[in-house]
Amino acid sequence: MEPRDDMIRVLGIETSCDETAASVVAWRAGAAPTILSNSVLSQIEEHAAFGGVVPEIAARAHVESLDGIVEAALADAGLELSEIDAVAVTAGPGLVGGLIVGLMTAKAIAAAADKPLMAINHLEGHALTARLTDGLDFPYLLLLVSGGHTQIVLVRGVGDYQRWATTIDDALGEAFDKTAKMLGLAYPGGPNVEKEARKGDSTRFAFPRPMKGSAQPDFSFSGLKTAVRQTATAIAPLSGQDVADICASFQAAVSDALADRVARSLARFREEFPDVALPALVVAGGVAANRKVRAALEAQCAESGFRFIAPPHELCTDNAAMIAWAGIERLRAGLTQEDAAGFVPRSRWPLDEVSQPVIGFGRRGAKA
Ligand code: KG4
Ligand code: ZN
C-alpha cells in the first residue's frame, strides 16, 4: 500500500458484540498516533429487558445503525472515504450475526472505494491498544477481563501472542453479571455490583478465593459464584444491606484471587525477560473499570515491580479505534492480507492458535 502522504489513515469497524462502532485513526512516523474519530453506539437498552445480550437483536441493531455510524466517523474525522488508506474490520471472535454485518459492510466499502481490507481479530485490538495510548514497546503482558474472556496474554509483537493463562470456567465479567442477577440487580451487572459494594462490609462473608496459591496460572470463578448463591439463599429474604455486604465481599474475593493469579504470570515474565528493565501489565475489558479490581492489580504490580497500564475506559471496552489501530500496526508490519475479501467470520478465534484449551474452558465465549 502506498499512502498519498506519509500519514496512514485507517477506518475501523467493530460489531462483534453489543456495540456498533466506527473510528478513524491516523499514524505518521515519528509522531504519536491520533484518534481522529471514535463513534460508538451501545445497545445496552435494547438488551436490558432480557438480562443479557440477545444475538438476533444485536445483529438487527448493527444492520440498522452501522451505515450511520461509519458516516459519522468519517464526518468527525473530516475525511472522505477516498482519503482513507485501508478499512479494518473485526472478523472474530464474537457473535456471528454481528460479525457478518460488519464484515459485509467493510467489504462493500473497501471494494467501492478500492481500498485494502483487513480482517482483524478483536482480541488483537485489545492487545495492541496500549501502544496506541501509551506507545508501549514489546514485549508486555495483557490481562483481558471482559464479559467473555479472562486471559493473560504475552504480547511479543504484532501477530505474535502467547496465552499464558485463561479461565477454566466462567469469565470474570460473567461472574459479576451472574452475581448481580442472583441479587436482583439490573443488567449489565458489573457496574451495579460495584455501586452496591461501596455501601457494604467486605469482611462480612468469607467467600472462596478460587485457585489462590495454585502453581497453575489459570483463573476460576464458578466456585465463587456458587458460594454467593448459597449465601444469598441461606440468608434470604435479603435486605438492602445484605445485598451490599454480599457485593462487597464478592468484590474482595475477586480482587484477592485475581491479584494472586496475575502474580504468577508477572513472576514468569520476569524470569523469561530479565532484560526488560521496567516490565508492564496492561489491563483491558469492561471489568477493568472496577475500582477495587484496578486497585488490587495496581498494588500487585507495585509489589512485583511492574508498570500498571490501564487505557482510558472508552478504549478498554469494545470500540473501533482499537480495530483501526490494529490495522495500522499490521500495515506497518507488512502483514497485509491479499485474501481479506474472502475472509469468513470466525465466532471463535484464539489470539494464540497454538495453546490448547484448558479443561472446562470454552462453555461460553461469544463476547470478547
Ligand atoms: O469489555 P466489555 O465492555 O464487553 C465485552 O465483554 O466484550 O465488558 C463487559 C463486562 C460485563 O460483564 C460487565 O458487567 C463488566 O464488563 N463490567 C464491570 C464493570 N463495568 C463493566 N464489572 C465490574 N465492575 C465494573 N465497574
Ligand atoms: Zn472486547
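This report describes two domains, two helices and one buried arginine in a predicted model of a protein chain.

**The two domains**

The domain assignment divides the chain into domain 1 (7-131 + 315-350) and domain 2 (137-310). Between their C-alpha centres the distance is 27 Å. Domain 1 contributes 21 residues to the contact, and domain 2 contributes 20 residues. About 1,600 Å² of area is buried between domain 1 and domain 2, and carbon and sulfur atoms give 71% of this area. On the side of domain 1, the residues that lose the most area to domain 2 are Ala127, Arg131 and Cys316, which together make up 31% of what that side buries.

**Helix H9**

Helix H9 covers residues 291-304, 14 residues in total. From its first C-alpha to its last, H9 reaches 20 Å, close to the 20 Å expected at 1.5 Å a residue. At the start of H9, asparagine 290 places a side-chain oxygen within 3.0 Å of the backbone nitrogen of lysine 292.

Which residues of H9 are buried? They are Val293, Ala296, Leu297, Gln300 and Cys301. Seen down the axis of H9, these buried residues fall within an arc of 135°, so they line one face of the helix. A general property of helices is relevant here: an α-helix has 3.6 residues a turn, so residues three or four places apart point the same way. The face of H9 turned away from the buried side carries the exposed residues Arg291, Ala302 and Glu303.

**Helices H5 and H9 side by side**

The table sets out the buried residues of each helix, the elements in contact with them, and the glycine that follows.

| Helix | Buried residues | Elements in contact with them | Glycine after the helix, with phi |
|---|---|---|---|
| H5 (172-182) | Leu172, Gly173, Glu174, Ala175, Phe176, Thr179, Ala180 | E6, E7 (150-157), H6 (189-197), H7 (222-235), H8, H9 | glycine 184, positive, near 75° |
| H9 (291-304) | Val293, Ala296, Leu297, Gln300, Cys301 | including E6 (140-145), H5 (172-182), H8 (240-272), E9 (280-284), E10 (307-309) | glycine 305, positive, about 75° |

The buried residues of H5 pack against H9, among other elements, and H5 is in turn part of what covers the buried residues of H9.

**Arginine 330**

Arginine 330 is located in helix H11 (residues 321-332). Is this residue buried or exposed? Arginine 330 has a relative accessible area of 16%, and it is therefore buried, the limit for this term being under 20%. Leaving aside residues up to four places away in sequence, arginine 330 touches Met118, Ile120, Glu124, Val158, Gly159, Leu335 and Thr336.

Key. Residues numbered from 1 in each chain as written. Chains lettered and ligands numbered in written order. Predicted model: local features only at pLDDT ≥ 70, side-chain atom pairs only at ≥ 80, totals over all residues. Heavy atoms only, no water. Helix = DSSP H or I, 4+ residues; strand = E, 2+ residues; numbered from the N terminus. Expected span 1.5 Å × (residues − 1). Buried < 20%, exposed > 50% of the residue type's maximum accessible area, 1.4 Å probe, protein only. Arc of directions from axis to C-beta. Contact = heavy atoms within 4.5 Å. Polar contact = N/O pair within 3.5 Å; in protein donor to acceptor, adjacent residues only side chain to side chain. Domains from an automatic or database assignment. Buried area = accessible area lost by both parts, 1.4 Å probe.
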